[in-house]
Structure formats: C-alpha cells, structure tokens
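Trainee: I would like to learn how to read a structure of this kind. Please take me through it step by step.

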Protein chains: 2
Amino acid sequence: MNSIKYSKLVVFLLLVATSTYAGPPDREDGYRLWLKYDLINDAGQRDAYARSAQFIVVNGNNPVLKAAADELQIGLQGLLGKSIPIIANAGSRTGGIVLAVGNGPTASNQELNAEGYQISSRSNNIVINGKTESGVLYGAFGLLRQLQTRQPLSTISLTSNPKVRYRMLNHWDNTNGTIERGYAGGTLWKWFELPERLDPRYRDYARANASLGINGTVVNNVNASARFLTGEYIQKIAALAKVFRPYGIRVYLSIYFPAPKTIGGLKTADPLDPEVRKWWADKAKEIYALIPDFGGFLVKANSEGEPGPQDYGRNHADGANMLADALKPYDGIVLWRAFVYKADPKADRFKAAYEEFGDLDGKFDKKVIVQVKNGPIDFQPREPFSPLFGKMPKTPLAMEFQITQEYLGFATHMVYEAPIFKECLETDTYAKGKNSTVARVVDGSLHGYAITAMAGVANTGSDRNWTGHPMAQANWYAYGRLAWDNTLSAEAIANEWIKMTLTNEPQAVKRIADLMLRSREIYVNYNTPLGLSRPWSGVHFAPEPWQNKSSRPDWTAIYYHRADSVGLGFDRTSTGSNALAQYSPEVQQRWNNAETCPLPYLLWFHHVPWTKKLATGRTLWDELCTRFYTGADSVGWMQQQWAQVKNNIDPETYADVAARLETQHKEAIWWRDAWVLYLQEYARQPIPAPYKKPKRTLDEVKQLVDIYLLR
Amino acid sequence: MNSIKYSKLVVFLLLVATSTYAGPPDREDGYRLWLKYDLINDAGQRDAYARSAQFIVVNGNNPVLKAAADELQIGLQGLLGKSIPIIANAGSRTGGIVLAVGNGPTASNQELNAEGYQISSRSNNIVINGKTESGVLYGAFGLLRQLQTRQPLSTISLTSNPKVRYRMLNHWDNTNGTIERGYAGGTLWKWFELPERLDPRYRDYARANASLGINGTVVNNVNASARFLTGEYIQKIAALAKVFRPYGIRVYLSIYFPAPKTIGGLKTADPLDPEVRKWWADKAKEIYALIPDFGGFLVKANSEGEPGPQDYGRNHADGANMLADALKPYDGIVLWRAFVYKADPKADRFKAAYEEFGDLDGKFDKKVIVQVKNGPIDFQPREPFSPLFGKMPKTPLAMEFQITQEYLGFATHMVYEAPIFKECLETDTYAKGKNSTVARVVDGSLHGYAITAMAGVANTGSDRNWTGHPMAQANWYAYGRLAWDNTLSAEAIANEWIKMTLTNEPQAVKRIADLMLRSREIYVNYNTPLGLSRPWSGVHFAPEPWQNKSSRPDWTAIYYHRADSVGLGFDRTSTGSNALAQYSPEVQQRWNNAETCPLPYLLWFHHVPWTKKLATGRTLWDELCTRFYTGADSVGWMQQQWAQVKNNIDPETYADVAARLETQHKEAIWWRDAWVLYLQEYARQPIPAPYKKPKRTLDEVKQLVDIYLLR
C-alpha cells in the first residue's frame, strides 16, 4: 500500500458508562454539520459503493487536489468503514476514483466552466473532472454527496457548473469577538491568537464551505474597523487565507472608508485626492504581497452613519472606482453595497437605494460589483425584490441574502430560508420582457454582466454546532447550494441536507422536509403577515409594533405599518410614496391595485381599510387575526411533526430542536398577542371567532418586551 | 448484574483516515478539562486499581449521591476501561467503593465539617464518607483524583475539609452574550434558549466545579442588568439551578441596585424606603418559590458609575442590610463588594475602599459578607494585599480573586496564577499579632467570622476548551483547590493539574510545573516589574504607560507610575498619600522604608530616583531594564521548555500552547520596548549593557498600540 504515509488507521474504544451522561466525544453535538460521513447501515449498499471506490488516484502535490483526495478518504472511511488508499496512478487498475484536471479523460470538457465539474464512469473508474483544481474539489464533495444521499454510483453521470462566479459569505464580525446580528456565540476568528495560533476550526469551516462551492469569505463586519487594514492585522488575515487556500476560498475585507485618515495619517479620505489614491494603491500592494489570492474589498459607505465618498462631495462610483484602481494590478474586485438611506422623515426608505444608484449605471469600473440586499428595506421575513434588480443593465449587481436570523427569531425559531431566497430569485423583474427573473439578473444571463456574485450574511458562530439552532445549519447549506445553482428547488435542497445531516429514513426525511418547507410561511403568519414589516426597535427580537420613538423616523415601527383608525399598510402607489414607479410597468401592474395585489405583498404597497374584504372572503382585520392565530398554532403542529421523527435521529439533536420549538411556540403566541392587542386599538373590532382573546393585556405584553430593552 | 439499567457499554470505532486531518471527535480539544479519565497505560496499575473498584455502592435515590456514583462510574470506565456496576448494597462483597452519608461506617465523623469527606479502607472496601451528600460527592472526585495522579489505593486514608463555606465563581457575563473581561469566547449561558433548552455544557460545567469543591456560581456581571430579576429571567435561572443542584452548586445573582425603580415601577430605590424593602422581600419570595436553594445576591454599588445606597444619602451597610432583610426567611446571603473609588484627582485610589468601609465594621447584618479584591487597586499582576483584610474583625470578608486574565495578557500569555493567590493569602496582616495571615482572615480562623467565602472571577467562556489558553485551565483549577484548602502549595496544585490534564510522565510533569511556577514572575518582569501597575487604558491588553488622558485621572496610566525627571513610583508613605497608614504598624514598618521595602513592592509605595542603587547593586533604571529584558527573554526559555515535552502530551494541545507562546514572546518584546523607550524619556539614560536598544522607536510602538484602540 503505497499510500501508507497518508493513511493511518486509529481505532478508539470509547466506553460510555451511564445511561444518563453522554459526554464528548460520543455525544452528537452537530459540529460535523452535513459532513458527518456516518457508517452506512446497509452492508449491501456499503459493499456496492466500496466496489466503485477501491482507491483514489491523484497525481502531483497540488494542495487543492490533495484536499479533495483527503476529503474523499475521510468521507469514504466514515461511510464505508474502510481506509481507501490514495495512489498516484491507476495503471491498469479499475474500480477506483480518478481526479483529473484540465484535459482529463472525459470528452465533454467544453460543458464545464472554470469551477464546474463532471463525474462520470469511464473504463470502470469514476472520473471526477474539472478544468481547474477547484472544480475537482467541488466534484469530490459532489461525489460524497451522492453516497451521503444514497444515490447509485455505478451509472453516475453528473455535470455541474456554478452559475455565479463569486459565491461568498459575509461575516459581520467585530474586533472584540462579537458578531453584529450573530446568534450562535461569538466570532470564529480569534484575532488575538492569530497569526501564530490556528484554531482547528478554521479548516473545518473551509471544508464546509468548499462542500457547497462557496469560494470567498469577507471576514469582518461591514461596519468595519480600520484595524483590519493595518500591517498587524493583514498578517493575521494572511494566516487565515493560508488555511482556506487549499479549499478554494479567498479572503476579502470590509474596509473603513476613512482609513487613509484613521491609520494613514492623511488629512482627507477624498477618493479623488492623489495622496488618498496612492495610499490605497500602496495598501493593496502590501496586502497582495502577503495574500497573493486576496479577493478584494467590501464597502458600506454613506450608510447608517458610516463615512463615505459623499462626505467629500463625491458619489458612490467615485469611491468604488478609486478602490478598483488600487486593485488594478491584481485579481481582486470591489463589492460596493447599495444598502443606503437618509434620515428624511418625508422620504420613503424603500426608494432610497434606487434614488442613489439608479443614475450611476454605467459609471462603475469593470472591477466593481454593486451588492444589493434582496429587498428594498432590510432582510424582512418577506420583502418584494429590490427595484435595483433589472434597472442597472450596465452595472453588475450582486445579490446579498441574510442567512443569520436577524429578523427571523434569532436562534429559537425554525425558519428554513430557501423559500425566501427562491421567492426573490424567481420573481420576474420584466426588465427585458417576460422571464427577466432576479436570478437571471444576478447570474448575469440577462444583461451579460462581466462579474457575477452572491453574498450571504453568515449565521456561523463559536457555538459548537456553528449556527445555534441545529436546523439553521440548513440555511447555511441552502444559501451555498443556491449560490452555486439558483435553479435547485427548496425541496431538493432540504432533502439533501436532511439525508446528509439527520436521517436517510424516507418517511422521516419527508416529514422533516415538510416541516422545513412550511416553516417560513408559519413564521410570517405570526410575525409579519400580509406584507407587514419591521415591527422592531433595535433588538430585532421582541415584538414592538408600538415603537414610535427613535433618533430617526425610519427606525421606528410605526413608520412601516402606518396603522391608523382607517386601516393598515404603507401606500406606495401613486397616491402615496409612489415607490412602485421604480419597478417595470408589468410589475407595477401586478402590485399597484389593492384588489389584485397578491396578499403576501398587500401591506407593503397599500394602506388598506380594516373592513376591506380580501380575496379570502375575510375583512383585513379578520384575515390578520386568522393569520396571527393560525401562525402561532402551527408551531404546535411543528412540535407534533418533530415528535414523530424522534426515533429516526440522534437523541441530542432531537432534544435540542424539541426544546427550541417549545420556546418558539411560547414566543409565537407572544408575537400574536402583541400584534392583535396593539392593532385592535386602531381597528376597534373584536377578535373573530373561533379565536379567543389573548389572556394578557397589551401592557403586560409591553412589560415583557421591555425586559429585552434593558442593558 | 443489577445495575444494568445504569450502565451501558457502547463501543465506537472511530476510523481516522489521513495524517493531516484529525477531526472531532478523535481530536483532543481540551473540552474535558482535568476530568479526562484517559485509560491508564500501565496494565499492572490498572489491575491494581480495578481490584479495589469492583463495584460502587450507593443506597437510595438522592440526586447528589447519584451524581457521585455516576462520576465514579464514568471515571473508572475511562481510567480502567471497565464498566463498574453500581449496586444498592455491598452485602458481604468486598473490593468495592462504598458511598456513605452521615453516621456511616467510619468512626471519625467528628473530624468532618458539613462538606468535608473521608476516604478510608474498611473491611476491604474503600469507604467515602461525608456528613452530607455533598461531602460524599467531593470525596468521589477526591478518589478519582488519586487514580488520575496514580496514587496507591490499597492503604488510602484521607480526610479533607473545605476551609471556607462559600466557594464561588463570579461570572461577569452580560445579557447580550458577551463577557466583561472574557477571553475565551462568549458566555456559557444561552439566555435566549433558556429555560426550555439546556445546553449539555451546563452539566459539564457543574461537574468541573464540583470536582474542585466550588459550591456557588454568580451567573451574571456585577455591572448587572435588572433583567435578571424579572420573572422571565428567574425561570431561566431556575432551569440552570436545576442542572447544577445535583453537583452541590447554588446559583446567585448580581443585582442592579435601582431595580425597584427600573422594573418595579417605584419612584425610589432608597434602601430605607418601606416600599423598596417590600419590593425586595417580594422579589426574594418569588425567587425562592422557583429556586429553593438560591444562594443570594452579589452587589456592586456606588462603584464605577453603578448606582447604590449613597444616591439616597445612605451607606453601604444600609443597602446590604436591606437585602439581608429580604433574604431573612431563607438560607441566602448578601455579598457586598468593597471595590469602590471616587473620581477625586487629589485622592489615592489605593485608600478608597478602606475609607468607605473601615467605619462600617460591625454595622452589617449577619447575612452580609463584604467581598474584597485581593489588592487595593484592581487585580494587577502584583499587588500588596488590601488594607481591609485584618481591619474589619466584626465583618466577614470574602476574598475576590480574578481568574480571567484581564491584566495578565488575555489568552496569549501563560501565567499560572496560584503563586498570585498564595502570595496574597500568605501575607501577614499582623491584625492580631504575628501569623495573622490574609488566609486566616478569609477562612475566619482569625476573627471567628460566622460566614466565610472566596470568589473567583471566572475565566470560562464558550471556547471549546473553556478557557482560551489551554494552560489557563490550571487557573480555574488552582482557584478552586485553594478555595477548598488555602494551605495547598502552588507546586502541589500544578502537579495535580498536569497529571490529570497533560501527562503523568515524571520528567515532563516536572518540566511543565517548573514552567508554570516561574510564569507569573516572568510576566511581571516584562509587564510591571518592581511594583509598577496599571500601564493600560481601557483595553487592558496593549502597553500604554504614556496614557495620560481620560474622563477620570485614576483611569490614566501616569496616575499610577508617576514617572518624572527625578524618578518613578507612587509615594504612599507619610510624605505622599500615606496609604501605608491603613496597614498594621508591622506591615508599615516593612514597606515604609525605600531601603528595606521588598523590591516587588518598591514602586507601589515609593517614588524612587532613577539613579538610586537598589539591593541588587543596580540603579533603579538599570534594574528596570534588566527586568524588562530578562522577562522578555525568559519567554524564549518557556518556549524551549515546552518544546521538550512535545512527545509527552497530545499533539493538539502541544501545538496550541506552542503557538500561543510564540505570540507571547512577540508581545513580551513589545511590552519591553514600550516601557524602556517611554521611561527613557524621563530617565535620560542609555539601555545598559549587555542589552541592545529596541529596534523600533517609541512612535512605532505607539502606532502598534493604537491599532488596539480602534473600534
């Protein structure tokens, strides 16, 4: 066995003594995510797989290929219980797995893009082919996924290409170890320990991302510290980049726009100032000297108090193009965020991004991509798509989704997000007629963008299971899979994830998938039905539809729902803010008329009288109550569904999710009570039968909420 | 085997595939702390132990005894590789372990206090005897420790009693998941998940503490949120208390003094106001209804901006006694902190606690204990003992040590703290003549205190290994052991911890112990030699001896070291602040004279000319340089020592500590350079031979430090 230097068989005997205590390492703790590779129970299936996986062929010492081969070896060891040798050449042997780069043994290379892969059966070997090493790495994970989900290997023939080029995670992590909007512990990045100490977790983070095809990570908060641009910190980031590199992941930084002043000692950060431009060019040079594959910069500027080019009378394009210039000698890009809005009480925040960016179309450097949140406000449980999509044909637009559950119940609500992402991606912008979906804007097929990207605001943290809620792992997974291929269905992704993570038992898979697929609508029902939005103050956890005081009007709750004695909702038609005018005529037509506007978007665009009869046959008030009550009740249904899969999944994960569902149920009722009691003061109508009046008063609900506003 | 329901044998085959990737669960990650229970390699020794541990006898269903028996079973399973049955009655069997409460089979019960234990060989069984179930639990851990450190069992005869009654951890944890002065990730307490979800970690936390004899935990920051006193949060705390209870651990809360206003809706929090007193009495009733063994309240009041009784013209005793009154019907206590100082530029912060508390001796309720930090300032690397010790004979004083390394290099410096704790405990206050040590004040033997307590500010966090730096686990361990028995030596504790955690190989144990025992002095040498203190601004990480601006004078660095053209140090003799007058005459005599004052305390009490010749034969300036340089160089020695134990400990821990030592070395040189370059501007003397001038300028050092002051 010429692979003895790579492989080592270690057998641990772990003896568990009592029925009441399961300590690590035998206690399932979710750390392994969907890369569990637990032994396949069915010996026949195991043997069948083993016949096609007798060895792994990899030629040369390329670190990405080595990572691919290592992962196959780890995975097969777990799944099949066998140590599979890695060899340099198959010779005449058959029944193995061959990793092949470039003009490999398959004929159909032309079907592949730079990072795509092809898995096929050829000369009685399984060949994983890619034009680049990264393609092969993704193929290796793709092959393992086939085994994890119990697909046959003998006739395998798979071609898969990523639809967008930059598939990124954005970490809103701070220097002090906290994460803005993180609900799974603190940051993964141990800045005080870097660059010398490398947490073993960094590599497992990279493996998980590579398994999805994620190829970039912005390690720090968009509300950025200039600290990350100092030589001291660039060394730390270089150490992370080194761990990530064999997994095809490039590191990016969020930058603090006035850094030339803060740490450069200059008197200005004006993007047209020659000294400022030189400072950034020098800084890029310094970074690339240590991180040759550095990805580029992500920028939040002139947004929510962050400084930017407008402080110097310049516009977003001036700022972005200056940074693009600094990156000119390198293979790096600028991701410039379009999340902007001014503190104007008369304005509609919905319109702000389009107003600032619409006229800049075509003004950005070729290395710039404008990163747009899926909706016009801020990651609400349901939002219409941002009007920018389809309206900037000359400017590549990146999609920014939020994986972390800032507005989705933190770590105690089960909300499977693929339906949120898919709903947005599949919406037709009509930018170039029918079938101009958001997905086609983002993947570049509509406007022929030179750069394409998707970004997900990460939900990872230092919690042992990475994401707090065990089911939130599925959101990381789903985001990554959709960044790779936006045509995958929410259901298909759920099925994959469940099989890889929880169980392969068909009935249980079906039940859990059902639970997941309904979870978002259930959340919307008790949280923000019919197009309500943002019933929060700063904490984004507890219901506060009554919240009416803030330093800015658009940081109150009443700004969004506009409840009054007449009705509820934000009039964004021509009689109101006319935000709808920012969309294509076909979209306007769909949403402009309160009679025909789909109910999920109704209150986003219309101020609707309480007594107005909706398509459901109920008045607005009755429909709202119905949704709040059935939404909260549905969490009870979720608990029942979950209880039925108890015997199909490990006891730790079962108990964890069951406990969180209990919390969710309690909190869903809290949300329901808050909304109906508050809105009732405007609607002045009784709770319709068969629903019972909340047992508590509005004041009592408010007192409960106030707890979460204390320091 | 009648214990089959308790015991289950599960064998896991973990197959590790590659030499480059060790994933969980086979990767050592430090989670198990000193309770590793790894299989004893020497089969002969294993067999010898097994002969004395063939069964475990426990009678009845008491949960604390069950925890003790379970722990023995877990431990023996790991150490001996055998499943040891738990049985209800030994009958005529011999060769087992018998847990006995109260008037058990041993004759010498009178030697035991409430939580003490006795382990003895009797009728060919090993009997663990305690007056209470907790005593037996501590004895079970004590017996396991014997095996873990490879002591013979056959002739065992051990009696151990805790010297103080309340042995506590103080967690400075916030509601948002952060820890004030925490360097090992975020909080352990998942407030948003409680009370429904119980992190399995809570139980392992309790096990670790019980193994040391820690019997109380204050779960929240002394800069307290009123949130913890709401019904919503009391339920969460009750859920934690339920997990801790079988391990003899009671839960305490830090309280926000104005809570009756904040959450009670009252107009005042005046401790003499009847409504306020009723509010606290009702609150205590509400808490005890859910947590019958609730421990009591910890209070930071009129300190660093926290409100307190002085806001209403009352004193500390008024505030503390009001809370004691509320706890009167219950077995709870009030821990009132003496960490107070006013923002008076002319005052000496050193004197503040004594000035506020000295006159209150005898004024406190019997349920109150005043909790005093070991030194008069704030957990510096070296401080003289607080003048309060020995000066409040009628008021029980608790010792507050800091385990978390706020001023000891966070998570990248190896500083074994037992020598810090011991140095303080062994200092003679001369309060009642010779041998009136701080230890004897704290354990009550000097003044006959009715209550005795020790508190350690915890260094635990959500990092997988609990404490960030693997060697910082030893500080948690050492604190717990000293809280139990302040006569243990730093060396004995180090040896125990190393054997239980890292290795039993004698040479390696010796080498690591040597490293640990010298580590504090090395740190002091490069950080704050000769009695320097507090060269920090808010971050408490980077050197800032030049820091001279703050909202308060006593929050600058220059306030403490008082460098000028003449010399260095704070004159606290009668020619200066006269803080020394707060000590007993014998102590004053020792420290009052710059000629005879021990060098470690010199600059705490004297402003010493740069050219003054010290007992070492060097001038102050030369001695300072010598210490800074040898201190930084000694970290190189630490690295060499560590390299020599590489083959004796697991590779993950080895690599982790080695990397942190590398960081420490870099930072130690940074500290050295900062101090010598800064002080040189006052001393105006060259760096003495053989030491070389730092390669960087003071400005360059300052720029490096400035990075850590950016957001």
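Trainee: How much area does chain A expose, and what share of it do carbon and sulfur atoms supply?

Mentor: Accessible areas come from the Shrake-Rupley method with a 1.4 Å probe, and for residues only the protein chains shown count as cover. Chain A exposes about 24200 Å², with 49% of it supplied by carbon and sulfur atoms. This is a predicted model, in which local features need pLDDT of at least 70, side-chain atom pairs count only at pLDDT 80 or more, and totals for chains, interfaces and linings use all residues. Residues are numbered from 1 along each chain as its sequence is written, chains are lettered from A and ligands numbered from 1 in the order in which they are written, and side-chain values use heavy atoms, with hydrogens and water left out.

Trainee: What does the radius of gyration of chain A agree with?

Mentor: The radius of gyration is taken over C-alpha atoms, and the globule rule is 2.2 Å times the number of residues to the power 0.38. For 711 residues a compact globule would come near 27 Å, and the 26 Å of chain A agrees with that. The C-alpha trace of chain A spans about 80 × 65 × 50 Å along its principal axes.

Trainee: How many helices and strands are in chain A?

Mentor: Helices (H or I, at least four residues) and strands (E, at least two) are DSSP runs, numbered from the N terminus. Chain A has 20 helices and 17 strands.

Trainee: Where does A:Tyr31 lie, and is A:Tyr31 buried or exposed?

Mentor: Buried means under 20% relative accessible area, exposed over 50%, and partly exposed in between (1.4 Å probe, protein chains only). A:Tyr31 lies in the loop between strand E1 (11–12) and helix H1 (43–51) of chain A. Its relative accessible area is 4%, so A:Tyr31 is buried. Across chain A, buried residues make up 66% of the 711 residues.

Trainee: Which residues does B:Asp673 touch, not counting residues up to four places away in sequence?

Mentor: Contact means heavy atoms within 4.5 Å. With residues up to four places away in sequence not counted, B:Asp673 touches B:Pro694, B:Arg696 and B:Val701. B:Asp673 lies in helix H19 (residues 651–683) of chain B and counts as buried because its relative accessibility is 3%.

Trainee: What about B:Arg672?

Mentor: B:Arg672 is also placed in helix H19 of chain B. With a relative accessible area of 12%, B:Arg672 is buried. Under that sequence limit of four places, B:Arg672 touches B:Tyr526, B:Phe628, B:Tyr629 and B:Ala632.
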